[in-house]
Amino acid sequence: MEQKRTEIPNSEAALLQQALVELLKNEGRILTRQVEEAFLNVPRHLFLPGVTLETAYSNAPVYTRKKGQEGRVQSCSSPPLIMATMLEMLDVRPGMRILEIGTGTGYNAALLAHMVGPE
């Protein structure tokens with residue numbers, strides 16, 4: 001079953017998302033069409049409120065929660081290159097049931113949900 005691509009209304013976000021996917025492919029992190037489709041269809045910026053589009057689509061961790069006066073990092077959204085590598089290694093198939101624990105932003109869980117499909 002082929003999933004329809006969700007269009008991102010913000011053209012700047014779409015361009016940045018496409019550029020990130022191309023970077024991950026060029027670096028050998030995205031190897032399969034399934035992982036590529038997930039990264040093209042799940043808009044990362046929706047899971048990172050309060051950050052710029054450039055930050056959301058950078059290949060870097062995005063710190064989402066800090067604590068104390070020292071500002072120690074408690075949580076972050078992992079770099080997309082790590083997520084892509086993990087998803088490729090996991091070899092997710094449509095229809096699988098997956099439990100993800102520790103989803104700080106929910107972005108990786110959304111990538112997984114896209115990959116396993118609605119069933």
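In this predicted model, the side chains of Arg 33 and Glu 36 meet in a salt bridge with an N to O distance of 3.0 Å, where a salt bridge is a side-chain nitrogen of Lys or Arg within 4 Å of a carboxyl oxygen of Asp or Glu. Both residues lie in helix H2, three residues apart, which is about one turn of the helix; helices (H or I, at least four residues) and strands (E, at least two) are DSSP runs, numbered from the N terminus. Residues are numbered from 1 along each chain as its sequence is written. Since the model is predicted, local features need pLDDT of at least 70 and side-chain atom pairs count only at pLDDT 80 or more, while totals for chains, interfaces and linings use all residues, and side-chain values use heavy atoms, with hydrogens and water left out.

The structure holds five salt bridges, and three of the pairs are listed here.

| Pair | Closest N and O atoms |
|---|---|
| Arg 33 and Glu 36 | 3.0 Å |
| Lys 25 and Glu 36 | 3.2 Å |
| Asp 91 and Arg 93 | 2.9 Å |

The pair of Lys 25 and Glu 36 links distant parts of the chain, with Lys 25 in helix H1 (residues 11-26) and Glu 36 in helix H2 (residues 33-41), eleven residues apart. Glu 36 counts as buried because its relative accessible area is 10%, whereas Lys 25, at 30%, is partly exposed; buried means under 20% relative accessible area, exposed over 50%, and partly exposed in between (1.4 Å probe, protein chains only). In the pair of Asp 91 and Arg 93, Asp 91 is partly exposed at 38%, and Arg 93 is partly exposed at 44%. Salt bridges that share partners join Glu 22, Lys 25, Arg 33, Glu 36 and Glu 37 into one network.

On the surface, Leu 90, Met 96 and Ile 98 form a nonpolar patch with about 250 Å² of accessible area together. Such patches are made of residues with over 30% relative accessible area and no salt bridge, and nonpolar side chains (Val, Leu, Ile, Met, Phe, Trp, Tyr) are joined within 5 Å, like charges within 9 Å. Accessible areas come from the Shrake-Rupley method with a 1.4 Å probe, and for residues only the protein chains shown count as cover. Met 96 has its place in the loop between H4 and H5, and it counts as partly exposed because its relative accessibility is 39%.
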